[in-house]
Amino acid sequence: MEFHVYETAKAACEAAGMLLGAQITRKGDSVLGLATGSTPIPAYETLVKWYNRGVIDFDRIVTFNLDEYVGIDHKNPLSYHAFMDEHLFSKVNVRPENVHLPSGHSAAAGAAYDAAIRAAGGIDIQLLGIGRNGHIGFNEPDDKFTYGTHVVTLTENTIQANARFFRSPDEVPRQAISMGIGNIMAAKCVVLVATGRDKAEAVYNTIRGPITPRVPASILQLHPCCVILTDTEAASLMKD
Ligand code: F6R
């Protein structure tokens with residue numbers, strides 16, 4: 001596990017964008033695993049900047065997002081589809097048919113998403129944020145790790161954290177469909193970005209704590225190619 005600390009949140013997120021950009025440069029038909037949330041926005045800005053300068057090309061790039069809310073239409077501005085359109089897809093030349101987000105609320109929908117990832121040759125690089133409770137994707141603390149894409153019931157902690165995007169916590173969907181820990185571990189490389197003081201405990205537990213489904217990100221200790229990028233605040237418990 002590689003761990004790098006940056007002075008600012010923006011620098012940590014831009015570094016993540018650079019790693020995705022380098023992957024695109026190295027392999028023009030890369031399969032990218034993408035995340036939503038506040039943290040990756042500067043990473044996507046970095047990719048858009050390089051695309052506009054003609055440095056990277058998305059024409060043959062394939063993307064799979066980690067997750068989506070259940071029961072929210074793709075056109076809803078609060079959907080993860082809309083988020084990705086706004087921050088990346090509408091700004092680069094990725095082909096709509098190469099863009100994938102999980103959808104539906106059944107085991108069959110999850111299995112179909114896993115099959116699509118396999119058919120694309122697997123994920124070359126997976127971008128991740130992390131929840132304050134150590135969740136990755138919508139894999140919440142649990143007593144077991146989940147392998148494939150599955151429907152999850154969001155914890156109160158996550159509903160409150162995501163309420164900032166909605167008019168009230170009551171409007172936050174109670175379910176999401178998310179890649180599983182197995183999908184994330186199967187990615188050839190993983191880049192996790194964490195910024196801000198409220199992620200410090202999750203970062204510490206991920207890197208230094210026991211590997212446990214109570215801290216889903218802790219499984220990344222076993223990933224052969226995992227890079228964790230943080231700002232100084234998110235690394236504040238890592239001093240000793
Ligand atoms: C989003 C996702 C979540 C977020 C996490 C952190 O696709 O899978 O795990 O990465 O909730 O969100 P932010 O970056 O908003 O703090």
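This dialogue walks through the ligand site and the pockets of a predicted model.

User: How do I start reading empty space in a protein?

Analyst: Rolling a probe the size of a water molecule over the atoms shows where empty space is left. In this model, the largest pocket holds about 670 Å³ of space.

User: Which residues lie nearest the centre of the largest pocket?

Analyst: Thr 36, Gly 37, Ser 38, Asn 162 and Arg 164 do. They belong to a lining of 34 residues. Three elements each give two or more residues to that lining: β4 (67-69), α3 (80-87) and α5 (156-162).

User: Which element gives the most to the lining?

Analyst: Helix α5, with four residues.

User: What is the make-up of the lining of the largest pocket by class?

Analyst: Nonpolar and polar residues number 14 each, and six residues are charged.

User: What takes up the space of the largest pocket?

Analyst: The ligand does. Now turn to the residues around the ligand.

User: How many residues surround the ligand, and which are the closest?

Analyst: The shell has 14 residues. Thr 39, Asp 67, His 135, Gly 137 and Lys 199 are the closest. By class, eight of the shell residues are polar, three are nonpolar and three are charged.

User: How do I read the polar contacts of the ligand?

Analyst: Look for pairs of N or O atoms within 3.5 Å. Take the side chain of Thr 39 as a case: one of its polar atoms lies 2.4 Å from a ligand oxygen. For Thr 36, an N or O atom of the side chain is 2.8 Å from an oxygen atom of the ligand. Arg 164 also has a polar side-chain atom 2.8 Å from a ligand oxygen. Thr 36 and Arg 164 were named above, among the residues nearest the centre of the largest pocket.

User: How much of the ligand's surface does the protein bury?

Analyst: Compare the ligand alone with the ligand in place. Alone, the ligand exposes 410 Å². The protein buries 91% of that area.

User: What is the volume of the second largest pocket, and which residues line it?

Analyst: Its volume is about 190 Å³. The lining includes Asp 114, Ile 117, Arg 118, Tyr 147, Asn 183 and Lys 188. Helices α4 (107-119) and α6 (181-186) are the elements that give two or more residues to this lining.

User: What classes of residue line the second largest pocket?

Analyst: Five residues are nonpolar, four are polar and three are charged.

Conventions: Residues are numbered from 1 along each chain as its sequence is written. This is a predicted model: local features need pLDDT of at least 70, side-chain atom pairs count only at pLDDT 80 or more; totals for chains, interfaces and linings use all residues. Side-chain values use heavy atoms; hydrogens and water are left out. A residue is near a molecule or strand if one of its heavy atoms lies within 4 Å of it. A polar contact is a pair of N or O atoms within 3.5 Å; within protein, one must be able to donate a hydrogen and the other to accept it, and residues adjacent in sequence count only if both atoms are side-chain atoms. Accessible areas come from the Shrake-Rupley method with a 1.4 Å probe; for residues, only the protein chains shown count as cover. On a 1 Å grid over the protein atoms alone, a cavity is a set of points where a 1.4 Å probe fits but cannot get out, and a pocket is an open set with protein on both sides within 12 Å along at least five of seven lines; lining residues have an atom within 4 Å of a point. A molecule sits in a cavity or pocket if more than half of its atoms lie within 2 Å of its grid points. Ala, Val, Leu, Ile, Met, Phe, Trp, Tyr, Cys and Pro count as nonpolar, Asp, Glu, Lys and Arg as charged, and the others, Gly among them, as polar. Grid points are joined across faces, edges and corners, and a volume is the space filled by probe spheres set on the points.
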